[in-house]
Amino acid sequence: NLLCEKGHSVTVLTTVNKGVLVSQLNESIPVINLQRKWKWNPFKMYQLIKAIRDFDIIHVHSSYNLRYVYLASKLFGLQKLIFFHEHFWDAAINKKVSWHQRLIYPKTILIAVSRSIEQWALQTLKMESKRVFLLPNTVNAFADKSIKKHTAQNVFRLVLVANVRSIKHIEFAIDLLRVLNTTHHFHLTIIGKPTEMNYLEMLQQKIRQLELADSINFIFDADEIQPLLYQFDLAVHTSKSESGPLVLVEYLAKQLPFITFNTGEVAQQIRAELPECIVDNFNTGTWIEKINFLLIDENRELVLQKMQQVFKAYYSAEKYYSSCIHIYNEGLKL
């Protein structure tokens, strides 16, 4: 969308279906959907290569798409450099190198969303430094000036945005809520897809055991969180390991104060400017101290001002656009 707004001719190509995010694309952006039923259908591979052959930049997301584009390129003679955007792989918890990473990644321009991925590409894959770039995630700050901040009395509303997976350490947020509710009335909303059902069942059982059913709710079907954030006083992010996480940038964009464990690229970038928001451990007392600090009006106002400055400095649309164009230009020199 940003490239389109800047006057570039942009097309989106999907392999199986258009996906739920297609509705968020600028209406002027063409969308090609291969509607692939069988991964190894050579006709669909030919369609793919025919569709992308005349573009200057081929920007691929997700390793399974990279494998597919790479194989199709070999079969149908596409001699073009691929810009591969690596979002999801986390070097902090997975040291293994797969065959396709060792074979294909060094032939691409690798765009890493975190320093852990960048360093893994340089040190483990031994990729040339001129082929590896760091591009931290960003978000569009949607305008919603007509919506007022939540001002409910006698209850502090917390939000945790994360898919329901064990690595997200959501049980710690439940423990936090239990302790917080011994002195004040807090409510926690957990927003995310239930990707590990056994883990979800464990969380629900824990909520029942602690008698917190009236103080916690789940939202599983939210594809866009920014319109929801006005309802909350504070966000918590308890994940043990992250590459981003992008949700912290969402909080910065909407100026929702948050407390996060010190993991991922965003936490590393902002910790000097926003130390009030970063915690280095999972000590309940430390988190509660930070939460109480941010709920004091004068502290909150100061943090909100700093959040606005940090978002503009690191995550604005202009910053992201200039970084992306720089990567394209450098890659095309090879």
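Mentor: Buried means under 20% relative accessible area, exposed means over 50%, and partly exposed lies in between (1.4 Å probe, protein chains only). Helices (H or I, at least four residues) and strands (E, at least two) are DSSP runs, numbered from the N terminus. This is a predicted model: local features need pLDDT of at least 70, side-chain atom pairs count only at pLDDT 80 or more, and totals for chains, interfaces and linings use all residues. Residues are numbered from 1 along each chain as its sequence is written, and side-chain values use heavy atoms, with hydrogens and water left out.

Trainee: How far apart are the end C-alpha atoms of helix H11?

Mentor: Helix H11 covers residues 297-314, which makes 18 residues. The expected span of a helix is 1.5 Å times one less than its number of residues. The model agrees with that expectation, at 26 Å.

Trainee: Where do the buried residues of H11 lie on the helix?

Mentor: The buried residues are Asn-299, Arg-300, Val-303, Leu-304, Met-307, Val-310 and Phe-311. Seen down the axis, they fall within an arc of 135°. That arc is taken from the directions from the helix axis to the C-beta atoms. So they line one face of the helix.

Trainee: Which residues are exposed on the other side of H11?

Mentor: The buried residues of H11 are covered by elements including H8, strand S11 (258-261), helix H9 (265-270) and helix H10 (284-294). Turn to the other side, and the exposed residues there are Glu-298, Gln-309 and Lys-312.

Trainee: What do the buried residues of H2 pack against?

Mentor: In H2 (residues 42-52), the buried ones are Lys-44, Met-45, Leu-48, Ile-49 and Ile-52. They fall within an arc of 140°, so they line one face of the helix. Contact means heavy atoms within 4.5 Å. The packing partners are strand S1 (12-14), strand S3 (58-61) and helix H3 (63-76).

Trainee: Is Glu-242 buried or exposed?

Mentor: Glu-242 sits in the loop between strand S10 (234-237) and helix H8 (246-254). Its relative accessibility is 11%, so Glu-242 counts as buried.

Trainee: How many disulfides does a search of the whole structure find?

Mentor: A disulfide here is a pair of cysteine sulfur atoms within 2.5 Å. The search covers the whole structure, and the count is zero.

Trainee: Which cysteine sulfur is nearest to Cys-4?

Mentor: Cys-4 is in no disulfide. Its relative accessible area is 18%, so Cys-4 is buried. The nearest cysteine sulfur is 14 Å away, and it belongs to Cys-324.

Trainee: Which helix gives the largest share of the largest nonpolar core?

Mentor: A nonpolar core is a set of buried Ala, Val, Leu, Ile, Met, Phe, Trp, Tyr and Cys residues joined through side-chain atoms within 4.5 Å. The largest has 59 residues, and those with the most contacts inside it are Tyr-251, Leu-252, Phe-258, Ile-270 and Ile-291. Seven residues come from one helix, residues 170-180, and that is H6.

Trainee: What is the relative accessible area of Leu-334?

Mentor: Leu-334 is in the segment after helix H12 (317-332). Leaving aside neighbours within four places in sequence, Leu-334 is in contact with Ile-109, Lys-130 and Arg-131. Leu-334 counts as partly exposed, because its relative accessible area is 44%.
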